[in-house]
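Please walk me through this structure, one step at a time. I have not seen it before.

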Amino acid sequence: MSNDSNSSTIQDQINVKTILVVEDDEAIGEFIVEALKEETEHQALLAIDGASALEVAKNLKPNLLLLDYRLSDMNGIELYDRLHMIEGFGEIPTIIMSASLPKYKLEQRKVTRIEKPFELGDLLRTIEELLV
């Protein structure tokens with residue numbers, strides 16, 4: 001006899017994705033991480049600057065990067081470029097968020113952008129579309 005509840009639990013674990021949120025405004029970052037945990041089946045980690053994100057990347061390969069453009073130590077595009085130089089990171093979908101974004105630089109890199117302020121529902125939909 002097959003145990004359907006056990007197999008669905010295994011399938012649920014396979015479907016869980018990891019999102020690395022890099023946001024230097026800790027309140028905003030914590031809000032996004034909490035919203036992702038409550039509203040999706042994904043797990044999320046917060047890094048508050050580019051250096052922390054690069055440190056996390058040494059031990060974890062996330063399924064999606066959500067980067068603020070204006071960070072304290074580098075901008076989101078610089079961080080994107082540095083992360084994508086890491087082996088295996090080249091294909092990770094990325095969203096960069098900010099009130100003012102250099103659209104041509106994002107288009108060159110095929111990065112998704114979301115402008116602040118944004119609706120949480122729009123962000124969640126964009127994340128789900130990229131994780132398919």
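**A walk from the middle strands outward**

Strand β4 has cover on both of its faces. On one side sit T94, I96 and S98, on the other I95 and M97, and all of them are buried. That makes five buried residues out of five, so β4 counts as mostly covered. This is a predicted model, and β4 is a good place to enter it.

Now step back to the whole chain. The protein chain has six helices and five strands. Along the sequence they follow the pattern α-β-α-β-α-β-α-β-α-β-α. The chain has 132 residues, and 39% of them are buried. Its exposed area is about 7700 Å², with carbon and sulfur atoms supplying 47% of that. Contacts reach across the sequence too. Among contacts with a separation of 6 or more, 64% are between residues 24 or more positions apart.

How far can the model be trusted? The mean pLDDT of the protein chain is 89, and 89% of the residues score at least 70. Among the elements, strand β1 (residues 18–22) has the highest mean pLDDT, at 98. Helix α1 (residues 4–15) has the lowest, at 54. Over residues 1–8 the pLDDT falls below 50. Beyond near neighbours in sequence, that stretch has zero contacts in the model. Where pLDDT is low, the predicted coordinates should not be read in detail.

Next, look at how the strands line up. Begin with β1 and β3. These two strands run parallel and are joined by four bridges. One pairing to find is I19, whose bridge partner in β3 is L64.

Strand β3 covers residues 64–68. Five of its five residues are buried, and the strand is mostly covered. Its side chains split between two directions. L64, L66 and D68 point one way, while L65 and L67 point the other way. All of these residues are buried.

From β3, move on to β4. Four bridges join these strands as well, and they run parallel. L65 stands opposite T94 in β4. L67 stands opposite I96, also in β4. A helix links the two strands: β3, helix α4 (residues 76–83) and β4 make a right-handed β-α-β unit.

Continue to strand β5 (residues 112–115). It pairs with β4 in the parallel sense, over four bridges. Here I96 stands opposite R113 in β5. The chain gets from β4 to β5 through helix α5 (residues 103–109), and this β-α-β crossover is right-handed.

With the strands in place, zoom in on single residues. T94 lies in β4, which spans residues 94–98. Is T94 buried or exposed? Its relative accessibility is 4%, so T94 counts as buried. The T94 side chain reaches the backbone oxygen of I92 at 3.2 Å. Leaving aside neighbours within four places in sequence, T94 is in contact with L65, L67, Y80, H84, V111 and T112.

H84 is one of those contacts. H84 is found in the loop between α4 and β4. H84 and T94 are 10 residues apart in sequence, and their C-alpha atoms are 10.0 Å apart in space. The relative accessible area of H84 is 17%. Buried means under 20%, so H84 is buried. What does H84 touch, leaving aside neighbours within four places in sequence? The answer is L65, F89, G90, I92 and T94. L65 thus appears in the contacts of H84 and in those of T94.

Finish with D68, which is found in strand β3. D68 has a relative accessible area of 4% and is buried. A polar contact of 3.1 Å joins the side chains of D68 and K116. Outside its neighbours within four places in sequence, D68 is in contact with V22, E23, D24, G76, M97, S98 and K116. Two of these, M97 and S98, are buried residues of β4.

How values were computed. Residues numbered from 1 in each chain as written. Predicted model: local features only at pLDDT ≥ 70, side-chain atom pairs only at ≥ 80, totals over all residues. Heavy atoms only, no water. Buried < 20%, exposed > 50% of the residue type's maximum accessible area, 1.4 Å probe, protein only. Contact = heavy atoms within 4.5 Å. Areas by Shrake-Rupley, 256 points an atom, 1.4 Å probe, with all protein chains shown as cover. Polar contact = N/O pair within 3.5 Å; in protein donor to acceptor, adjacent residues only side chain to side chain. pLDDT = per-residue confidence, 0-100. Pairing = 2+ DSSP bridges. Right-handed = clockwise from strand over helix to strand, strands pointing away.
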